[in-house]
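Subject: A structure for you to explore

Hi there,

Here is the structure I promised to pass on to you. Have it open while you read, and turn it around as you go.

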Amino acid sequence: RLAATAACANGRLHREAAHLVSLAAEVDLVSKVELSLAPEAMDGSAAGVAWAGHYEAAGEASSDFWGVYPLQGGQVMVLIGDAVGMELAGALVSAVAKSCADTLLNAVPAGMDPGQLLTALNRSLYQPSRPSQTSCFALLLDAQAGKAYYSNAGHPIPYQLRSDGSRLGALVGAGPVLGDTENTTYKVSTLNFAAGDSFVLFSDGLLKSRNPQGQQFRERQLQKLLAAQAGNGVQAVRDNIVTANAQHRGGTPPSDDQALVVIARQA
């Protein structure tokens, strides 16, 4: 009886130890995946533009991602996305999309517009039997030409802050989320990009933040905040948005992952 009791106890301890090892391996995987979803340095500059980003996971794993890619010919590509899925599943979908973008933009550093990039990412994610979907927004900036080109795959619409303080602009455009259908192509829109102008790209987690009374951080609040940012640098705009959102939450952690990028044409 004593031997049987000891064997049962040892078996239980073995299962618990195996479970702890499995959890440790999963945490390590999540940590490695999350490190690939945003740049190591949140601020930077290249080819006549400067940027400042923010990245915050709501849980142990994030489904948001963003990246800035200096390209040949003095252009810069900005990419932001949010995978459909929770915790590790969403993080892995985001990691696939981000790594595909990294590979594409390194392999074809010039000559790829935002629509071509999203089309290629859509083909990479499309699986009829096991859908892997993510919203995504791609923005190509040419500071020398003063032009911005963008395509949208089901992502929240970014805003344009004009240096002259005029009305807040919006990068209006729509398209299906990546991975939804196999042969989707994405329209490219063009707008002017003057010296001092900036763009604010964000994931929907920013607008899903709730205060202690349960009220969301509405898009109208964000618009009013951005309208008062004319003339501020990218770090100041980023910091003001993050601070306002944190104050709205009343010190509580975000309920959804947050990704934010502010990028501006330098004078």
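Please keep in mind that this is a predicted model. A good place to start is Leu79. Apart from its neighbours within four places in sequence, Leu79 is in contact with Phe65, Trp66, Gly67, Tyr69, Ala101, Leu117, Leu118, Leu121, Cys136, Phe137 and Ala138. Leu79 also belongs to the largest nonpolar core, a set of 45 residues, where it is listed with Leu139 and Phe199 as having the most contacts inside the core. The strand that gives the most to this core is β5 (residues 134–142), with 6 residues. There is also a second, separate core of 19 residues, and Leu161, Leu206, Leu260 and Ala264 are among them. As background, nonpolar side chains in soluble globular proteins tend to be buried together.

Now look at the strand around Leu79. How many of the residues of β4 (residues 75–83) are buried? The count is 9 of 9. Gln75, Met77, Leu79, Gly81 and Ala83 point one way from β4, while Val76, Val78, Ile80 and Asp82 point the other way, and both groups are buried.

Strand β4 has antiparallel partners that you can trace. With β3 (residues 64–71) it shares 8 bridges, and with β5 it shares 9 bridges. Met77 is a handy marker here: its bridge partner in β3 is Tyr69, and it stands opposite Leu140 in β5. Between β3 and β4 there are 3 residues, making a hairpin, and Gly73 in that turn has a positive phi of about 85 degrees.

Next, find the open sheet of 6 strands, which has antiparallel pairing and the order β1-β2-β11-β10-β7-β8. Why is one side of β1 (43–46) and of β8 (169–170) left without a neighbour in the sheet? These strands stand at the edges and each has a single partner strand, so there is nothing in the sheet on the other side. Further in, β2 (residues 49–56) and β11 (residues 258–265) run antiparallel and are joined by 8 bridges. One pair to look for is His54 with Leu260 of β11.

Two helices are worth finding as well. Helix α4 (residues 219–227) packs on the sheet and touches β7 (159–161) and β10 (198–202), with its direction at about 20 degrees to that of β7. Helix α5 (residues 234–249) lies across β1, β2, β7, β10 and β11, and runs at about 155 degrees to β11.

Enjoy looking around!

Best wishes

Terms used: Residues are numbered from 1 along each chain as its sequence is written. This is a predicted model: local features need pLDDT of at least 70, side-chain atom pairs count only at pLDDT 80 or more; totals for chains, interfaces and linings use all residues. Side-chain values use heavy atoms; hydrogens and water are left out. A nonpolar core is a set of buried Ala, Val, Leu, Ile, Met, Phe, Trp, Tyr and Cys residues joined through side-chain atoms within 4.5 Å. Buried means under 20% relative accessible area, exposed over 50%, partly exposed in between (1.4 Å probe, protein chains only). Helices (H or I, at least four residues) and strands (E, at least two) are DSSP runs, numbered from the N terminus. Contact means heavy atoms within 4.5 Å. Two strands pair if DSSP finds at least two bridges between them. Axes are lines fitted to C-alpha atoms, for helices over the stretch in contact, and angles run from 0 to 180 degrees between N-to-C directions.
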